[in-house]
Amino acid sequence: RSLSQMIPLNDGKGIWMLADEKNDEVMNLYYLDLSKGEAALPEKRSDAEYVYEFGLSHDEKQLAYLARYRGEKGNSSTKLSGKSKTCLHIIDLQSGDDRQLLCDQAKLRFTWGHMEFAQDGKSVYFNAQAQDDRNRVQIVRADIAAKKARLTTITKTRSQRSRADIIKGQSMEGPWLYYLSNEDGYSNVLRVDVKSKKVEQISRYTDDVANAIFVGKGLIVAHGTPAGTDIEWIDAQTGTKKQGARVAGRVAFLESDDNTLIWAQTAP
């Protein structure tokens, strides 16, 4: 089994994960019910050729995921023919209802990237590629509470960027959505006002920010090279460094809450 991502529920009752069953990278969504103890086995909750990404709402009542279907092989609800498409699904975690809301088009293909719900659970943000161009990665918003789901591009579609990674752990209580982008030649922290689409660059490092994550209201960044990483706590509005430490190798942030950060550390 390949395991690419997992999110534990705050009540400790279960874990959602992206995995396959035969080590063949046919990634799908699974749920592991921890109340079953050692008898627990992952229960498959999607049936797609490939699931790119998933995310939980802040109240953990909804789960969003991006499922790719290849033409006629998709399930009957996808109504596809010919080329593959990727569709946004929302699962109501109280009723178990799985709704397919909308699918991508050639001009805007859904792809890998962290998914983030708005605080009120009425919209979800994720990544897409303009014209299948990996150098024109976008952040889009799906308004999932509307009678007919609407898709809006939040970032500037003509800008060249190979990443627009939505930063994990943010509360999304205000208008700002924080993300990592390499529009200035290096990966740095930016934020966009999701209403006005105004963009502000928060950090201006001359090496790549590999990872960033919110710990409570504090923004933690990791930048450097495989030989060493600077981990810094910065002001989320100004980018001013508050504290920092140097560690060996590369750092990948995994999870956080109000006062705890877990990371993986690797070296060549």
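User: Buried means under 20% relative accessible area, and exposed means over 50%. In this predicted model, is Cys-87 buried or exposed?
Analyst: Let's just put the number next to the cut-off. Cys-87 has a relative accessible area of 0%. The limit for buried is under 20%, so Cys-87 is buried.

User: OK, and which residue does Cys-87 join through a disulfide?
Analyst: There's one disulfide in the structure, and its sulfur atoms sit 2.0 Å apart. The link is right-handed, with 90° about the S-S bond. It connects distant parts of the chain, going from Cys-87 in strand E7 (residues 85–92) to a cysteine in strand E8 (residues 98–103), 16 residues apart. That partner is partly exposed, with a relative accessible area of 24%, and its name is Cys-103.

User: Let's move to the sheet with E1 in it. Which strands stand at its edges?
Analyst: Four strands make up this open sheet, with antiparallel pairing, in the order E1-E2-E3-E4. A strand at the edge has a single partner strand, so one of its sides is left without a neighbour in the sheet. That's the case for the strands covering 3–8 and 43–44, which are E1 and E4.

User: Which residue in E2 stands opposite Met-6?
Analyst: E1 and strand E2 (residues 14–19) run antiparallel, and five bridges join them. In this pairing, the residue standing opposite Met-6 is Met-17.

User: Lys-44 is in strand E4. How far apart in space are Lys-44 and Leu-29?
Analyst: Lys-44 counts as partly exposed, at 40% relative accessibility. Setting aside neighbours within four places in sequence, Lys-44 is in contact with Glu-21, Asn-28, Leu-29 and Tyr-30. Lys-44 and Leu-29 are 15 residues apart in sequence, but C-alpha to C-alpha the distance is 6.0 Å.

User: Which strand gives the most to the largest nonpolar core?
Analyst: This core has 20 residues, and Ala-64, Leu-66 and Phe-126 are among those with the most contacts inside it. Several strands each supply at least two residues, including E5 (50–56), E6 (62–69) and E12 (137–143). With three residues, the top contributor is E11.

User: How many residues are in the other core, the one with Leu-18 and Tyr-31?
Analyst: This core lies apart from the largest one. Leu-56 and Ile-91 also belong to it, and its size is 16 residues.

User: Now for charges. Which residue forms a salt bridge with Glu-49?
Analyst: The count comes to 13 salt bridges, and in this one the closest N and O atoms are 3.0 Å apart. Glu-49 sits in the loop between E4 and E5, while the partner is in strand E6, 19 residues apart. Glu-49 is partly exposed at 23%, whereas the partner counts as buried at 19% relative accessibility. So that partner is Arg-68.

User: Which residues does the salt-bridge network with Glu-49 join?
Analyst: Salt bridges can share partners, and here that sharing makes one network. The residues joined are Glu-49, Arg-68 and Arg-70.

User: How many residues apart in sequence are Asp-132 and Arg-109?
Analyst: Their side chains meet in a salt bridge, 3.9 Å from N to O. Arg-109 counts as buried, at 15% relative accessibility. Asp-132 lies in the loop between E11 and E12 and Arg-109 in strand E9, so the pair ties together parts whose separation in sequence is 23 residues.

Terms used: Residues are numbered from 1 along each chain as its sequence is written. This is a predicted model: local features need pLDDT of at least 70, side-chain atom pairs count only at pLDDT 80 or more; totals for chains, interfaces and linings use all residues. Side-chain values use heavy atoms; hydrogens and water are left out. Two strands pair if DSSP finds at least two bridges between them. A disulfide is a pair of cysteine sulfur atoms within 2.5 Å. Buried means under 20% relative accessible area, exposed over 50%, partly exposed in between (1.4 Å probe, protein chains only). A nonpolar core is a set of buried Ala, Val, Leu, Ile, Met, Phe, Trp, Tyr and Cys residues joined through side-chain atoms within 4.5 Å. Contact means heavy atoms within 4.5 Å. A salt bridge is a side-chain nitrogen of Lys or Arg within 4 Å of a carboxyl oxygen of Asp or Glu.
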